[in-house]
Amino acid sequence: SYYPKQENPFKNRLIISDEAEYLTNILHQCATVTDVKKYIQQYDHSFFIEDVFIYIDSLGDYLIVEPYQMITGSDPSYVLANFCPTITHNTQARKMERYRNGEDFLKAHSIKPSLDYCAALSDTMHVCRKKIGDGTLTTSIWDTQDKSVNLYFYHSYDSTVNFNLSEELAKGDHIIN
């Protein structure tokens, strides 16, 4: 996501010297969006000048972290695509097909906390380009209540791989092929 460089407002904060360690520590040390925000506020997160991070907790609260701003909320129909919401007006965002499709889907359908509903929403928002792998490569749908994640490859929403996060985390650091 594009964010124009500006004078760094976080000069007096801790420097991120190892991005993997920083991001891992957030996941290991923070249980709620409030915890994540407190953690991030210690650091100069403008380090991630081209990134937007989204943290969501089991209460449905979310935190959007841009290079220079953070947004918290709990709107169950909040839609985001590849842009920084603090500097992108909705009129501009709607020019992006994936965002417009997601916003229109949510307006046309009652929200249902189900895997089928989320897969249908994801199907309307994915990007498909002529060359396979050029667009949305994977989609993940997270259930913060039962602590599971469903992964979909490319645009195949009829086939998923499900992981129970509690079981995977109990195994400690490991890699799944």
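This briefing covers the cysteines, an internal cavity, residue Y62 and helix α2. The model is predicted. It has 0 disulfides and 1 cavity of 30 Å³ or more. Helix α2 turns one face, made of its buried residues, to its packing partners.

**Cysteines**
- A disulfide is a covalent bond between the sulfur atoms of two cysteines.
- The count of disulfides in this model is 0.
- C30 has a relative accessibility of 15%, so it falls under the 20% limit and counts as buried.
- C128 has a relative accessible area of 52%, and it is exposed because that value is over 50%.

**The cavity**
- Rolling a probe the size of a water molecule over the atoms shows where empty space is left.
- The count of cavities of 30 Å³ or more comes to 1.
- The volume of the largest cavity is about 60 Å³.
- Its lining includes Y22, L23 and I26. I40, H45, F48 and D51 also line the largest cavity. F53, Y55, V65, E66 and P67 complete the list.
- Two elements, α1 (19-29) and β1 (53-56), each give at least two residues to this lining.
- Helix α1 supplies the largest share, with 3 residues.
- By class, the lining holds 9 nonpolar residues, 1 polar residue and 2 charged residues.

**Residue Y62**
- Y62 sits in strand β2, which spans residues 62-65.
- Is Y62 buried or exposed? Its relative accessibility is 10%, which is under 20%, so Y62 counts as buried.
- Beyond its neighbours within four places in sequence, Y62 is in contact with V33, Y55 and I56. Further contacts of Y62 are I71, T72, G73, S74, D75 and Y78.
- Y62 and L137 lie 75 residues apart in sequence. In space, their C-alpha atoms are 24 Å apart.

**Helix α2**
- Helix α2 covers residues 33-40.
- Its buried residues are V33, V36, Y39 and I40.
- Viewed down the axis of α2, these buried residues fall within an arc of 120°, so they line one face of the helix.
- An α-helix has 3.6 residues a turn, so residues three or four places apart point the same way.
- What do the buried residues of α2 pack against? Their partners are α1, β1, β2 and β3 (70-73).
- Two residues of α2 link this helix to the topics above. V33 is among the contacts of Y62, and I40 is one of the residues lining the largest cavity.

Note on methods:
Residues are numbered from 1 along each chain as its sequence is written. This is a predicted model: local features need pLDDT of at least 70, side-chain atom pairs count only at pLDDT 80 or more; totals for chains, interfaces and linings use all residues. Side-chain values use heavy atoms; hydrogens and water are left out. A disulfide is a pair of cysteine sulfur atoms within 2.5 Å. Buried means under 20% relative accessible area, exposed over 50%, partly exposed in between (1.4 Å probe, protein chains only). On a 1 Å grid over the protein atoms alone, a cavity is a set of points where a 1.4 Å probe fits but cannot get out, and a pocket is an open set with protein on both sides within 12 Å along at least five of seven lines; lining residues have an atom within 4 Å of a point. Grid points are joined across faces, edges and corners, and a volume is the space filled by probe spheres set on the points. Helices (H or I, at least four residues) and strands (E, at least two) are DSSP runs, numbered from the N terminus. Ala, Val, Leu, Ile, Met, Phe, Trp, Tyr, Cys and Pro count as nonpolar, Asp, Glu, Lys and Arg as charged, and the others, Gly among them, as polar. Contact means heavy atoms within 4.5 Å. The arc is that of the directions from the helix axis to the C-beta atoms.
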